[in-house]
Amino acid sequence: IQADGTDGNCVTFVLHDEDHTLGNSLRYMVMKNPDVEFCGYCITHPSESKINFRIQTRGALPAVEPFRKGLNDLMGVCQHVLNTFERSVKEFRAQK
């Protein structure tokens, strides 16, 4: 991850080896934060596997905070989905 920005509350993060899968779901998680004024991403070119992920916050909140929280929240959601799936598979196999 590289971060570019002139001040702390408006930063563009460059995520290498990522695409829409992470970009769109992370954008959703970050936008749930009421302190985030803008959040968006773009893929620079189809042949490059990186995205530019921009966050702009209100007030003095540094943009890295909602970025970090969004990643942690997304990991929690993915872990919940994985646990639910594994539990369902285990229950299915026990019924056979």
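How many aromatic pairs does a search of the whole structure find? The search finds two. The structure is a predicted model, and these ring pairs offer a convenient point of entry into it.

One aromatic pair is formed by Phe 13 and Phe 67, whose rings are stacked, with 4.0 Å from centre to centre and 5° between the planes. This pair links distant parts of the chain, since Phe 13 belongs to strand 2 (residues 10–16) and Phe 67 to helix 2 (residues 64–95), 54 residues apart. Phe 13 has a relative accessibility of 4% and therefore counts as buried, the limit for that class being under 20%. Phe 67, at 5% relative accessibility, also counts as buried.

Phe 67 takes part in a further pair, with Phe 53. Here the ring centres are 5.9 Å apart and the planes stand at 50°, so the pair is classed as tilted. Because Phe 53 lies in strand 4 (residues 50–57) and Phe 67 in helix 2, the pair ties together parts of the chain that are 14 residues apart in sequence. Both Phe 53 and Phe 67 are buried. Through these ring pairs, Phe 13, Phe 53 and Phe 67 are linked into a cluster.

Strand 2 also holds Thr 12. With a relative accessibility of 15%, Thr 12 counts as buried. The side chain of Thr 12 is joined to that of Arg 54 by a polar contact of 2.4 Å.

The path of the chain then leads to Asp 17, which lies in the loop between strand 2 and helix 1 (20–31). Is Asp 17 buried or exposed? Its relative accessibility is 63%, so Asp 17 counts as exposed. The backbone of Asp 17 has a phi near 60°, a positive value in a residue other than glycine. Most residues other than glycine have a negative phi.

Helix 1 may be considered next, beginning with its N-terminal end. Asp 19 caps this end: one of its side-chain oxygens lies 3.1 Å from the backbone nitrogen of Thr 21. The helix has twelve residues, which at 1.5 Å a residue should span 16 Å; the end C-alpha atoms of helix 1 are 16 Å apart, in agreement with that expectation.

Which residues of helix 1 are buried? They are Gly 23, Leu 26, Met 29 and Val 30. Viewed down the axis of helix 1, these buried residues fall within an arc of 140°, and therefore they line one face of the helix. The buried residues pack against strand 2, strand 3 (36–43), strand 4 and helix 2. The face turned away from the buried side carries the exposed residues Thr 21 and Tyr 28. Thr 21 thus has two roles in this description, as an exposed residue of helix 1 and as the residue whose backbone nitrogen faces the capping oxygen of Asp 19.

Helix 2, which contains Phe 67, also contains Ser 88. Because its relative accessibility is 39%, Ser 88 counts as partly exposed, whereas Phe 67 is buried. How far apart are Ser 88 and Leu 61 in sequence and in space? The two residues are separated by 27 residues in sequence and by 41 Å in space, C-alpha to C-alpha.

Key:
Residues numbered from 1 in each chain as written. Predicted model: local features only at pLDDT ≥ 70, side-chain atom pairs only at ≥ 80, totals over all residues. Heavy atoms only, no water. Phe/Tyr/Trp six-rings, centres within 6.5 Å; stacked < 30°, edge-to-face > 60°. Helix = DSSP H or I, 4+ residues; strand = E, 2+ residues; numbered from the N terminus. Buried < 20%, exposed > 50% of the residue type's maximum accessible area, 1.4 Å probe, protein only. Polar contact = N/O pair within 3.5 Å; in protein donor to acceptor, adjacent residues only side chain to side chain. Expected span 1.5 Å × (residues − 1). Arc of directions from axis to C-beta. Contact = heavy atoms within 4.5 Å.
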